[in-house]
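Here are a few short exercises to work through with the model open beside you. Try each task before reading its solution.

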Amino acid sequence: MPEQGPRMNGFSLGELCWLFCCPPCPSRIAAKLAFLPPEPTYTVLQPEQQQQQQQQEAGAAAGAGTPTGSGTCSLHLSERADWQYSQRELDAVEVFFSRTARDNRLGCMFVRCAPTGRYTLLFSHGNAVDLGQMCSFYIGLGSRINCNVFSYDYSGYGVSTGKPSEKNLYADIDAAWQALRTRYGVSPENIILYGQSIGTVPTVDLASRYECAAVILHSPLMSGLRVAFPDTRKTYCFDAFPSIDKISKVTSPVLVIHGTEDEVIDFSHGLAMYERCPRAVEPLWVEGAGHNDIELYAQYLERLKQFISHELPNS
């Protein structure tokens, strides 16, 4: 690696020269630009672990009996998860493990917040958060737009094993898609793919290969290099996350949401993605919103409700 010096878009002058004279593989770019897994804010106890914990709590008193596990995994949140609901809502959140094609253990979460709703969001969250931190948001969002929410942690995030990488992102969402379909019997016509920020990368990749009810892209990026170097006009062989080249293959309806003052992924990314969508619906450009506050604007929920309840079939 080149020596450090004055920086431009997160790269030093030496790194810029190194980037174009000796281009790295996409995984190096992906790691540099995207992945910031937080310290896990939750744990998941499998049935046998729950039983061991119960035995330890019960002690070794004679005649105390042997506690039995429930047969399902249990979710335990730390204070940093900032849980905003009661134990009753927490008990309704189902967690389990799946396995990806790249042999990573994948932490999955199913939030039943809309028993009468037709649709389930397959939600790919943003960077620097995990399922523990997102859990309260999922309950609030799903209950307001009448959708259940299925989500997962990327490899290297939360309780998921492995390391974050572009290839793992695609394998992760594939495993989540299969788990949602096989474990819960949700058919593709009832699945809405929702990606936020870095989560739009696996969302677009999956949507380019499978048709579903709809796709929602919340603060999407065109590609990794285009985030670091806004003047990039084409996709190089060493670029990462080339969503701009995949979006034209998405045949499902697509709703693009972006803040006009996004300081992380410029608004131009959302606009370009929208313009490339074959079946784009009316987008939501949130005037004055940045990268992490779109949900605080009233038009966010209003547009989602309109899209799901009136623009998609609900029969």
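**Exercise 1.** How many disulfides does the structure hold? Work it out from the cysteine sulfurs.

*Solution.* Keep in mind that this is a predicted model.
- Step 1: a disulfide needs two cysteine sulfur atoms within 2.5 Å.
- Step 2: for Cys113, the closest cysteine sulfur belongs to Cys147 and is 8.1 Å away, so the gap is too far for a bond.
- Step 3: Cys135 is in no disulfide either, as its nearest cysteine sulfur, that of Cys113, is 9.5 Å away.
- Step 4: the count for the structure is 0 disulfides.

**Exercise 2.** Is Cys113 buried or exposed? Do the same for Cys135.

*Solution.*
- Step 1: the cut-off for buried is under 20% relative accessible area.
- Step 2: Cys113 has 18% relative accessibility, so Cys113 counts as buried.
- Step 3: Cys135, at 0%, is buried too.

**Exercise 3.** Describe how strand β5 pairs with strand β6.

*Solution.*
- Step 1: β5 spans residues 93-99, and 5 of its 7 residues are buried.
- Step 2: β5 and β6 (residues 105-111) run antiparallel, joined by 7 bridges.
- Step 3: for one facing pair, look at Val93, which stands opposite Val111 in β6.
- Step 4: this hairpin has 5 residues between the strands, where Asp103 takes a positive phi near 65°.

**Exercise 4.** Which residues touch the most other members of the largest nonpolar core?

*Solution.*
- Step 1: the core has 43 residues, and Leu122, Phe150 and Leu193 touch the most other members.
- Step 2: α6 gives the most to this core, with 9 residues.
- Step 3: domain 1 and domain 2 each supply at least three residues of this core.
- Step 4: Phe150 has contacts beyond four places in sequence that include Phe96, Leu122 and Tyr184.

Key: Residues are numbered from 1 along each chain as its sequence is written. This is a predicted model: local features need pLDDT of at least 70, side-chain atom pairs count only at pLDDT 80 or more; totals for chains, interfaces and linings use all residues. Side-chain values use heavy atoms; hydrogens and water are left out. Buried means under 20% relative accessible area, exposed over 50%, partly exposed in between (1.4 Å probe, protein chains only). Helices (H or I, at least four residues) and strands (E, at least two) are DSSP runs, numbered from the N terminus. Two strands pair if DSSP finds at least two bridges between them. A nonpolar core is a set of buried Ala, Val, Leu, Ile, Met, Phe, Trp, Tyr and Cys residues joined through side-chain atoms within 4.5 Å. Domain bounds come from an automatic or database domain assignment. Contact means heavy atoms within 4.5 Å.
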